[in-house]
Amino acid sequence: MGSSGSALKVCTDHRGGINWLSLSPDGQHLLTGSEDGTARLWSTADSQCHGHFQGHESYITFCHLENEVAFTCSADHTIRKWDVMTGQCLAIYRGHTSIVNRILVAKDYLFSGSYDRTARCWSVDKEKQIQEFRGHRNCVLTLAHYSSRDVLDESEEEQEKLSRDFLVTGSTDCTVKVWWVSSGRCYQTLLGHTGAVLCLILDAPNRELFSGSTDYTIRTWNIVTGEQLKVFKEHQGSVICLELVNRYLYSGSADKTVKCWLADTGEQVQTYKTHKHSVSTLKYHAGILFTGSGDACARAFNSKTGVLQRIFRGHKFIINCIQIHNELLYTASHDGTLRIWDVQGICKRNKHRPKKERLSRLFNNRVGCTVQQENGELEAVELM
């Protein structure tokens, strides 16, 4: 499958690798956090840099963008809050004693996870620490949040009266922990993984949590009871990233593949190949699965058939994060560039499935054969 040609735009303002890319809720801006210790604000309307946030004393590990304020966390042990319009630093959250590697904004809370083995909760408005979650034996890598109202039915809500907030943390100590935000106490410790927990996806309405690990597995848990429900075992490398869409679970791995699973049954239904290195990030949009890889390429797959539709070439190093907005793909890389690609044609083509693809499904369903794609052409191969 050929490449998409050159990007619409290559933004080279950063002087270090870009570790994260966040899209504002209103879709008007993007925020990049970089190894150069700065964050930059980009307009999705004109793809220009409209803000430069400076102040951290070391590299930025992660960032989060709201419509009016932005948050960055850093290896300098701090979190900063910024005014989007002026670029002014509004607050510095101090307390962690090592690298802050992840932040999460939910309601009026700001949560953070650190290499100091703790997670913390801060007041967004009052800009002070509310709670500390201490109990992991190693660094906290990933976070999720939910409220008891998200997981209770109406009869249970009446009994509960007050909504309680919970923080979920994944750690390199191989455990997932669920914490009461109000008290800081551990509510559940989810045991089963034998490797570091790298990613979490929460499906609160179904009371389920999915965790991916360096032990090559994905596990799903009942977040009310703590029971382990299923183990997804088909990957041959660390599970690096997860995406849940309409009860389809997509997992990107160091084994150079993405897999699609039925979340309800654990059945693997598709594997997306052709990556030359680990799959570092993924995003579903309009029936297309977009991936970023350590091979410096982004890819677009038909999510149903697994057929590769386009390769985006141009980056020099690993793609750390991707976003899609208004039929534009944004890729942020450790090479320090933000690249912007037009994906309108891919999305339109996916809405009207081509004849060859329909024929391939007919072959699969009617004559017991598989269809392989080579240089963009389809051919039927008998299954013996």
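Here are a few questions and answers on salt bridges and burial in this predicted model.

The model is predicted, so local features need pLDDT of at least 70, side-chain atom pairs count only at pLDDT 80 or more, and totals for chains, interfaces and linings use all residues. Residues are numbered from 1 along each chain as its sequence is written, and side-chain values use heavy atoms, with hydrogens and water left out.

Q: What makes K81 and E127 a salt bridge?
A: The term needs a side-chain nitrogen of Lys or Arg within 4 Å of a carboxyl oxygen of Asp or Glu. Here N to O is 3.5 Å, so the pair fits the definition.

Q: Why is K81 called buried?
A: Buried means under 20% relative accessible area, exposed over 50%, and partly exposed in between (1.4 Å probe, protein chains only). K81 has 8%, so it's buried. Its partner E127 sits at 31%, so that one counts as partly exposed.

Q: How do you know that K107 and D165 form a salt bridge?
A: Their closest N and O atoms are 3.0 Å apart, and that is within 4 Å, so the label holds.

Q: Is K107 buried or exposed, and why?
A: Exposed, because its relative accessible area is 53%. D165 comes in at 12%, so it counts as buried.

Q: What makes D295 and R299 a salt bridge, and how buried are they?
A: The side chains meet at 2.9 Å, N to O. D295 is buried at 18%, and R299 is buried too, at 3%.

Q: How many salt bridges does the whole structure have?
A: A search finds eleven.
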